[in-house]
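Hi everyone, thanks for coming. Let me put the structure up on the screen, and then we'll walk through a few bits of it together.

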Amino acid sequence: MSENTATVDFNYSPGMELPTYVDTCQMIARLKKRPSIVRMGSFTSTVKIDNEDSQDKDLKFENHVTYQQLLEYCRTHDNQWPNSQLIKRTFTSIPYDPDSVDGNPVRVLQWNVLSQALGQNNDRFDSCPLEALEWKHRRCHMLEEILRHNPDIICLQEVDHFDFLSRALATQSYSGLFVPKPDSPCVYINDNNGPDGCAIFYKNDKFDLLEKHDKVLQVWTRAQQSGVITVDT
C-alpha cells in the first residue's frame with residue numbers, strides 16, 4: 001500500500017453478503033489513517049541518491065587572498081542580481097563586565113545556513129523569489145555574511161556545501177570540521193550535493209586543534225538524524 005492508494009481483500013463464500021461501495025470506502029479510509037513510523041521529512045518511499053560534494057568545482061581559490069579579493073572572485077562566478085545586497089541586521093548588546101575578559105575575547109558566530117537541497121527542492125518558501133534560492137545566488141552572500149562579522153569560531157548547521165566553505169574560508173586562515181547527519185533528508189532529493197550536517201570552523205592562527213568529538217542525537221523517531229561537534233582548542 002502506498003501513500004496515495006489502498007487495497008482491501010475479501011474472502012467470499014456462497015451466501016455471504018458482499019460489502020457495499022460505501023463500506024469499502026470507509027475501510028480504506030480507516031487504513032489510510034493508521035499511523036506509521038516515518039523518518040524525518042517522510043522520505044521513506046524515496047530511493048537514496050548518493051551524490052558527492054562536488055557542485056563547487058568551478059571555483060579555484062588561491063591561498064591567502066584578502067577578504068575583498070575573495071568576494072570579488074566569488075562574484076565573478078556567481079549569478080547574483082545587480083543590486084543584490086546583504087540584509088542589514090541589528091544586534092542586541094549584552095551587558096558584561098569588561099574586567100572579566102582576560103584581554104583575549106573570542107567572537108563566535110552560529111548560523112543555520114539552510115541546506116541547499118532542502119531549501120530549493122523540498123521546503124516551501126512561498127514568499128521568496130525562486131532565483132534567490134539558487135545556489136549560485138546564495139554562496140557568495142553566505143560567505144560575505146560570515147566574514148563580515150570576523151568571527152573567531154564559526155558554528156554552522158544544515159551544511160551541504162562543506163567543500164565550498166572549507167576551501168573559501170581557508171583563504172582567510174580558517175580550518176574546519178564537518179559531521180554529516182547519518183540519515184540526512186538531502187540524500188533522498190534529486191540533484192543533492194551529499195548529506196547535510198554540522199560544521200565548525202576556527203581561526204588557525206589563533207587556535208590549535210587538540211581533540212575532536214562528535215555525537216549523534218536521536219530525534220523525531222528511532223532514526224538517527226542530527227550530529228553535534230565539539231572541539232577542544
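So, to start: which side chain meets that of Arg139 in a salt bridge? It's Asp58, and the N to O distance is 2.8 Å. Keep in mind that what you're looking at is a predicted model, so distances like this one come out of a prediction. What I like here is how this pair links distant parts of the chain. Arg139 sits in helix 4, while Asp58 is in the loop between helix 1 (21-32) and helix 2 (67-76), and the two are 81 residues apart. And this pair has company, as the structure holds twelve salt bridges.

Okay, on to the sheet. We've got four strands here, in an open sheet with the order 1-2-4-3 and mixed pairing. Who's at the edges? Strand 1 (108-112) and strand 3 (174-180) are, and each has a single partner strand, so one side of each is left without a neighbour in the sheet. On average, neighbouring strands are turned by 15° against each other, if you ignore direction.

Now zoom in on strands 1 and 2. They pair in the parallel sense, over five bridges. If you want a spot to look at, find Trp111: it stands opposite Leu156 in strand 2. Then there's helix 4 again, which packs on the sheet and touches strand 1, strand 2 and strand 3. Its direction makes about 150° with that of strand 1.

Last stop: empty space. How many cavities of 30 Å³ or more does the structure hold? Just one, with about 50 Å³ of space in it. Among the residues lining this cavity are Trp135, Arg138, Met142, Glu158 and His161. Helix 4 (135-147) and strand 2 (153-159) are the elements that give two or more residues to the lining, and the largest share, three residues, comes from helix 4. As for character, the lining divides into six nonpolar, three polar and three charged residues.

So helix 4 is worth finding on your own screen: it holds Arg139, it packs on the sheet, and it helps line the cavity. Thanks, that's me done!

How values were computed:
Residues are numbered from 1 along each chain as its sequence is written. This is a predicted model: local features need pLDDT of at least 70, side-chain atom pairs count only at pLDDT 80 or more; totals for chains, interfaces and linings use all residues. Side-chain values use heavy atoms; hydrogens and water are left out. On a 1 Å grid over the protein atoms alone, a cavity is a set of points where a 1.4 Å probe fits but cannot get out, and a pocket is an open set with protein on both sides within 12 Å along at least five of seven lines; lining residues have an atom within 4 Å of a point. Grid points are joined across faces, edges and corners, and a volume is the space filled by probe spheres set on the points. Ala, Val, Leu, Ile, Met, Phe, Trp, Tyr, Cys and Pro count as nonpolar, Asp, Glu, Lys and Arg as charged, and the others, Gly among them, as polar. Two strands pair if DSSP finds at least two bridges between them. Axes are lines fitted to C-alpha atoms, for helices over the stretch in contact, and angles run from 0 to 180 degrees between N-to-C directions. Contact means heavy atoms within 4.5 Å. A salt bridge is a side-chain nitrogen of Lys or Arg within 4 Å of a carboxyl oxygen of Asp or Glu.
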